[in-house]
Amino acid sequence: MNNLPRICWTSSALIALAGMLWGLQMAISGDHSNLAAHAHLSLLGWVSLALYGTYYHLAGVTRLRLARLQVLFAIPGSIIMGIGIAIAHQTGAEELAKAGSLMVIISAALFAAITLTSPLRINNGG
Ligand code: HEM
Ligand code: HEM
């Protein structure tokens, strides 16, 4: 876990692909009941992970222990939440969705802390 931007972007790209295939499956089958699961997997796994990776790249964060922990919650959290929402919608069992949501919230809280401790230093030419 030494290259956090790369880990974030590669995971994000793979999850994007999985989310899009899931979307395509919904479109082809005409069964949109997994819309919420597809939406959260795509937005958390593709968009949020890419944003985390972009921040770490811009801030030069590659080894920070707190950031590694953040990524360790964010990647599985988005996948578990996506799958968990699908299971919750299909069977009513919400445990996995709750576990994934908790991981996503922990990762968001850690990320907020990191933005305070490792702020971006944008060079605006001034
Ligand atoms: C090939 C790519 C994709 C396909 C085929 C696809 C397909 C779909 C389908 C069929 C729905 C259900 C629409 C409905 O019943 O109203 C849906 C909903 C949704 N998709 Fe995708 N999707 C794709 C990519 C993405 C990506 C990349 C994102 C996010 C970055 C995304 C975010 C969403 C969201 C947020 C919803 C829920 C919208 C709502 O609340 O009405 N999708 N998608
Ligand atoms: C732990 C974090 C989150 C929880 C617990 C959560 C929970 C929920 C719930 C309960 C709904 C209503 C779903 C339904 O009516 O079936 C929803 C909808 C939605 N959420 Fe989230 N959400 C979270 C994070 C996010 C994030 C980070 C994004 C975007 C980046 C997002 C985007 C959406 C969108 C676009 C919808 C409407 C589409 C849909 O019905 O699924 N959510 N969310």
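How many helices and strands does the protein have? The predicted model has four helices and zero strands, and the legends below take its parts in turn.

**Figure 1. Overall fold of the predicted model.** From the N terminus on, the elements of the protein follow the order α-α-α-α. Helix H1 covers residues 4-29, helix H2 covers residues 35-59, helix H3 covers residues 65-91, and helix H4 covers residues 95-117. The C-alpha trace spans about 55 × 30 × 25 Å along its principal axes. Of the 126 residues in the protein, 37% are buried.

**Figure 2. The iron atom of ligand 1 and its protein donor, His38.** His38 lies in helix H2. Its NE2 atom is the only protein donor of the iron atom of ligand 1, at a distance of 2.0 Å. In addition, a polar side-chain atom of His38 is placed 2.9 Å from a nitrogen atom of ligand 1. The view therefore centres on a histidine whose NE2 falls inside the 2.8 Å limit for a donor, at 2.0 Å from the iron.

**Figure 3. The residue shell around ligand 1.** There are 13 residues around ligand 1, and those that come nearest are Met20, Leu24, His32, Leu35 and His38. An N or O atom in the side chain of His32 is 2.6 Å from an oxygen atom of ligand 1. Two elements, helix H1 and helix H2, give two or more residues to this shell. Helix H2 gives the most, with seven residues.

**Figure 4. The iron atom of ligand 2 and its protein donor, His40.** His40 is placed in helix H2. The iron atom of ligand 2 has His40 as its only protein donor, through NE2 at 2.1 Å. An N or O atom in the side chain of His40 is also 2.8 Å from a nitrogen atom of ligand 2.

**Figure 5. The residue shell around ligand 2.** Which residues lie around ligand 2? They are Leu35, Ala36, Ala39, His40, Leu43, Leu44, Met81, His89, Ser101, Val104 and Ile105. Helices H2, H3 and H4 each give two or more residues to this shell. The most come from helix H2, with six residues. Leu35 belongs to this shell and is also among the residues that come nearest to ligand 1.

**Figure 6. A nonpolar surface patch with Trp46 among its residues.** Met20, Leu43, Trp46, Val47 and Leu51 make a nonpolar surface patch of about 510 Å². Helix H2 gives the most to the patch, with four residues. Trp46 is found in helix H2. What is the relative accessible area of Trp46, and how is this residue classed? Trp46 has a relative accessible area of 38% and counts as partly exposed, because that class lies between the limits of 20% and 50%. Two other members of the patch recur in the ligand views: Met20 is among the residues that come nearest to ligand 1, and Leu43 is one of the residues around ligand 2.

**Figure 7. Arg6 and Trp9 in helix H1.** Arg6 lies in helix H1. With a relative accessible area of 58%, Arg6 is exposed, because this value is over the 50% limit. The C-alpha atoms of Arg6 and Thr54 are separated by 9.3 Å, although the two residues are 48 residues apart along the chain. Trp9 also has its place in helix H1. Its relative accessible area is 37%, and Trp9 is therefore partly exposed. From C-alpha to C-alpha, Trp9 and Gly77 are 16 Å apart in space, with their positions 68 residues apart in sequence.

**Figure 8. Pro119 in the segment after helix H4.** Is Pro119 buried or partly exposed? At 32% relative accessibility, Pro119 counts as partly exposed, because buried residues have under 20%. Pro119 and Tyr56 are 63 residues apart along the chain, and their C-alpha atoms are separated by 9.9 Å.

Conventions:
Residues numbered from 1 in each chain as written. Chains lettered and ligands numbered in written order. Predicted model: local features only at pLDDT ≥ 70, side-chain atom pairs only at ≥ 80, totals over all residues. Heavy atoms only, no water. Patch = residues over 30% accessible without salt bridge, like charges linked within 9 Å, V, L, I, M, F, W, Y side chains within 5 Å. Areas by Shrake-Rupley, 256 points an atom, 1.4 Å probe, with all protein chains shown as cover. Salt bridge = Lys/Arg side-chain N within 4 Å of Asp/Glu carboxyl O. Buried < 20%, exposed > 50% of the residue type's maximum accessible area, 1.4 Å probe, protein only. Donors = N, O, S within 2.8 Å, 3.2 Å for Na, K, Ca; no water. Near = heavy atom within 4 Å. Polar contact = N/O pair within 3.5 Å; in protein donor to acceptor, adjacent residues only side chain to side chain.
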